[in-house]
Every structure is written in C-alpha cells, then in structure tokens.
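Colleague: Got a minute to walk me through this one? I'd like to start with the charged pairs.

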Amino acid sequence: RQGHIGSFLRLPSPVSATCPSGLCQPQGLTAFFAALDRPGRPVRIVQFGDSHTAGGDIQASLLWRLQGRFEGREITLSAHGLVGATLNALVETQPLLSPEDRTPDLVIIAYGTNEGFDELLDPGAYETALRAQIERVKRALPQSSILILGAPEAMRGDGGGNCPGDVEQRWKAPAMLTVVRDVQHQVAARAGVAFWDWKGRMGGD
C-alpha cells in the first residue's frame with residue numbers, strides 16, 4: 001500500500017526467495033485493505049499464535065506501522081497467544097471468538113515454530129490440520145481476510161551446528177522447521193489466503 005506511506009519511514013524491501021516482496025497472495029488481504037480505506041470505521045485484527053503472539057512485541061510493531069500509515073484510523077489488535085503452543089491450540093479454541101466480539105477484518109494465524117522443533121512431526125497430518133483450520137476460519141468469518149504468518153528463523157543449542165562464528169558448533173536450525181514453512185506456504189497458496197515469509201524478511205538463508 002505504497003500510496004498510504006506519506007511521511008512514514010519506508011523500510012528496505014524484504015529479502016525473500018519464497019515471496020519476492022515478503023508477501024504471497026496479497027489478494028487474500030483485499031477485505032482488510034478495503035477496511036483500511038473506509039474512514040470512520042474501526043479496523044479490527046485478531047491474531048492466534050504461540051510465544052511470539054503471547055509476547056506482544058510483534059503486535060505492537062504491526063500496530064505502530066499501520067497507525068503510522070493510516071493516521072487517525074482506529075486500529076485494534078486482539079492477541080490470543082500461548083507460550084509453547086502449536087496449531088492444536090487453535091483447534092481447541094472453541095468457539096473461535098466470543099459472541100460479543102465484532103467480526104475482525106483480518107485473522108492472523110501465527111503458529112509453526114514449536115512444530116518445527118518436533119522431530120516426530122507428521123508433515124501430512126500437519127498439512128491436513130492447517131487446511132482444516134483455514135477452512136474453519138473461512139466458514140466462521142467469511143468477511144475476514146486471513147494471513148498465515150510463516151514460522152521465523154529459530155535455532156536449537158544442542159550441538160551439531162555449522163553457523164559462521166559459532167566456534168562451539170552449538171547452534172543449528174531444526175530440520176522440521178523448513179518443512180513446516182514449506183507446508184504453510186503451499187497450503188496458503190492453495191487456499192488463496194495471504195502468506196508472510198517471516199524467515200525471508202529476517203534475511204533468509
């Protein structure tokens with residue numbers, strides 16, 4: 001949304017081999033962008049996720065940037081995060097939202113890091129579960145845009161690493177984390193929802 005930047009500080013373009021601009025399927029955010037373009041109406045975002053969501057820093061940064069680009073707009077973000085959570089936490093969230101909650105303009109699904117640390121993860125089962133949750137959100141909130149926040153870079157410190165500067169060879173990326181990101185990317189594409197390549201935005205490999 002370059003036209004709304006105004007005096008807001010322009011960030012460097014994301015580095016992403018998966019999504020050239022960091023964002024795949026931007027058309028999946030059409031309803032959200034339309035809400036941002038409508039003056040006089042609050043814009044609501046809901047995010048479900050793990051410790052990154054529970055910590056609050058990511059949401060604060062997102063709100064700061066959106067409010068900088070859309071000055072004067074009322075934009076709220078409700079975070080439902082749990083440290084150590086996986087997609088199963090969303091499966092177990094019943095109902096998805098409280099009856100008194102207003103329909104969000106954007107739903108962010110932000111799991112994946114903890115799945116990536118699970119060496120016994122079944123990629124096929126994970127794909128099925130992610131597809132099911134996207135369809136569930138679509139059925140429950142047909143007017144809302146959906147964004148899959150791809151799992152970021154993460155390391156485990158149990159040895160076997162080959163990172164430059166890691167003289168103790170302690171840190172390495174969990175092997176399943178790449179699988180999780182690939183599944184997230186592919187499922188989002190097939191479902192027609194937006195996907196943010198967080199790892200690529202961090203600089204990629």
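Modeller: Sure. Keep in mind that this is a predicted model. Let's begin with Glu-135, which is partly exposed at a relative accessible area of 36%.

Colleague: And which residue does Glu-135 form a salt bridge with?

Modeller: Lys-138, with the closest N and O atoms 3.9 Å apart. Lys-138 is partly exposed too, at 29% relative accessible area.

Colleague: How many residues apart are Lys-138 and Glu-135 in helix α6?

Modeller: Three, so about one helical turn separates Lys-138 from Glu-135.

Colleague: OK. How many salt bridges does the structure hold?

Modeller: Five. Another one joins the side chains of Arg-131 and Glu-127, at 3.1 Å from N to O. Both of those residues sit in α6, which covers residues 123-140, and they are four residues apart, about one turn of the helix.

Colleague: Is Arg-131 buried, exposed or partly exposed?

Modeller: Partly exposed, because its relative accessibility is 39% and that class runs from 20% to 50%.

Colleague: Which residue forms a salt bridge with Glu-153?

Modeller: Arg-181, and there the closest N and O atoms are 3.7 Å apart. Glu-153 lies in the loop between β5 (145-149) and α7, while Arg-181 is in helix α7, so this pair ties together parts that are 28 residues apart in sequence.

Colleague: What about burial for those two?

Modeller: Glu-153 is partly exposed, with a relative accessible area of 26%. Arg-181 counts as buried because its relative accessibility is 8%, and the limit for buried is under 20%.

Colleague: Which residues do salt bridges with shared partners join into one network?

Modeller: Glu-127, Arg-131 and Arg-190.

Colleague: Switching to α7, then. How far does that helix reach?

Modeller: It spans residues 175-191, 17 residues in total, and reaches 25 Å from its first C-alpha to its last. That is close to the 24 Å expected at 1.5 Å a residue.

Colleague: Where do the buried residues of α7 fall, seen down its axis?

Modeller: Within an arc of 160°, so they line one face of the helix. Among them are Met-176, Leu-177, Val-180, Val-183 and Val-187. On the other side, Ala-175 and Arg-190 are exposed.

Colleague: And what comes just after α7?

Modeller: Gly-192, which takes a positive phi of about 75°.

Colleague: Last thing: how many aromatic pairs are there?

Modeller: One. Phe-32 and Phe-33 make a tilted pair, 6.1 Å centre to centre with 35° between the planes. Both Phe-32 and Phe-33 are buried.

Technical notes
Residues numbered from 1 in each chain as written. Predicted model: local features only at pLDDT ≥ 70, side-chain atom pairs only at ≥ 80, totals over all residues. Heavy atoms only, no water. Phe/Tyr/Trp six-rings, centres within 6.5 Å; stacked < 30°, edge-to-face > 60°. Buried < 20%, exposed > 50% of the residue type's maximum accessible area, 1.4 Å probe, protein only. Helix = DSSP H or I, 4+ residues; strand = E, 2+ residues; numbered from the N terminus. Expected span 1.5 Å × (residues − 1). Arc of directions from axis to C-beta. Salt bridge = Lys/Arg side-chain N within 4 Å of Asp/Glu carboxyl O.
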